[in-house]
Amino acid sequence: DFTHVKCQGEDQIVAVATALLTGEPLDLEIVPSESALHAEQWIRDIARLVGAEILVTDDADGLKTVADDLGLQHQICRAHVNRNVHDLLGALGEKALEYPDPVPPELQGTEITVDQFLEDIETVECVITSLPADGQTQLQQLATRYQYARPPTQGHRATMWYRMRLLTLDWSENWARLAFYQKWRGANGEKLDGTNNVTEQSIGQHVKERYRTMRGYKRTESILN
């Protein structure tokens, strides 16, 4: 995971890696950015050092690419996903209730209505939060329902129909990353909880708690200390 602190008034990005099953801190580095390029260089070194097989991260698209490039199995933090999806669905629901986009011509005749859209919002939230066995199939079916919603033309915003298309397609394609923890078991029966909360706790205890008392760092060495 990544966090941000101030050093002499400038933003610094701190990358933190933790051994998820034991809670043992593995590395803390100051990195130039959260881009996939910088993340991959940093994660590759750690993965080689500890013989990592699984990478657990938030749901940033760049980290999906890193996991694939490094050949690591990937679990996306369910807590991050639940928050992000809840916020997006809340915004879509508000739009559909208060000022819905007209059903676009490409979706007319498919029995899609605003009421159906609101029902689908509830379905998506239920699937993402509960991760049922047929969750991927449900999302694929919804993605098919909205597959002909067109992207916005230049200078225009995406309609709620197209945003639903992207949302359902994204999570149907990334279902294995979201539900990986359900099937994985370690050699001694260890389990994952599907979150990177251990790393976030490490950030809170070893970075943020000290940072709050200092009102910012004076030297980059102090961050690492």
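In this predicted model, the protein chain carries 9 helices and 5 strands. Going along the sequence, the order of these elements reads β-β-β-α-β-α-β-α-α-α-α-α-α-α. Taken along the principal axes, the C-alpha atoms fit a box of roughly 60 × 45 × 30 Å. The protein chain has 225 residues, and 40% of them count as buried. Its accessible surface adds up to about 12,900 Å², with 48% of that belonging to carbon and sulfur atoms. As for contacts with a separation of 6 or more, 62% come from residues 24 or more positions apart.

Now for the strands. Strand 4 (residues 54-57) runs parallel to strand 5 (residues 73-76), and the pairing spans 4 bridges. To get from strand 4 to strand 5, the chain passes through helix 2 (residues 61-69), giving a β-α-β crossover that is right-handed. One of the residues in this pairing is Val56, whose bridge partner in strand 5 is Gln75.

Helix 2 also holds a charged pair. Asp61 and Lys64 form a salt bridge through their side chains, at 2.9 Å from N to O. The two are 3 residues apart in helix 2, so about one helical turn separates them. Their surroundings are not alike: Asp61 counts as exposed because its relative accessibility is 55%, whereas Lys64, with a relative accessible area of 7%, is buried.

A search of the whole structure turns up 6 salt bridges, and helix 1 (residues 36-50) supplies another example. Here the side chains of Glu40 and Arg44 meet with an N to O distance of 2.8 Å. Glu40 and Arg44 sit 4 residues apart in helix 1, so the spacing is again about one helical turn. Glu40 has a relative accessibility of 14% and therefore counts as buried. Arg44, at 25%, counts as partly exposed.

The salt bridge between Glu106 and Arg150 comes in at 3.8 Å, N to O. This pair ties together distant parts of the chain, 44 residues apart: Glu106 belongs to the loop between helix 3 and helix 4 (114-130), and Arg150 to the loop between helix 5 (135-145) and helix 6 (160-173). Glu106 is buried, since its relative accessibility is 19% and the cut-off for buried is under 20%. Arg150, on the other hand, is exposed, with a relative accessible area of 57%.

Helix 1 also contributes to the nonpolar surface. Leu49 lies in this helix and joins Leu26 and Val50 in a nonpolar surface patch of about 290 Å². With a relative accessibility of 73%, Leu49 counts as exposed.

Arg78 is worth a look too. This residue is part of helix 3 (residues 78-98). Neighbours within four places in sequence aside, Arg78 touches Leu131, Leu178, Tyr181, Asp193, Gly194 and Thr195. Tyr162 is another matter: its C-alpha lies 24 Å from that of Arg78, with the two positions 84 residues apart in sequence numbering.

Definitions and conventions: Residues numbered from 1 in each chain as written. Predicted model: local features only at pLDDT ≥ 70, side-chain atom pairs only at ≥ 80, totals over all residues. Heavy atoms only, no water. Patch = residues over 30% accessible without salt bridge, like charges linked within 9 Å, V, L, I, M, F, W, Y side chains within 5 Å. Areas by Shrake-Rupley, 256 points an atom, 1.4 Å probe, with all protein chains shown as cover. Salt bridge = Lys/Arg side-chain N within 4 Å of Asp/Glu carboxyl O. Buried < 20%, exposed > 50% of the residue type's maximum accessible area, 1.4 Å probe, protein only. Pairing = 2+ DSSP bridges. Right-handed = clockwise from strand over helix to strand, strands pointing away. Contact = heavy atoms within 4.5 Å.
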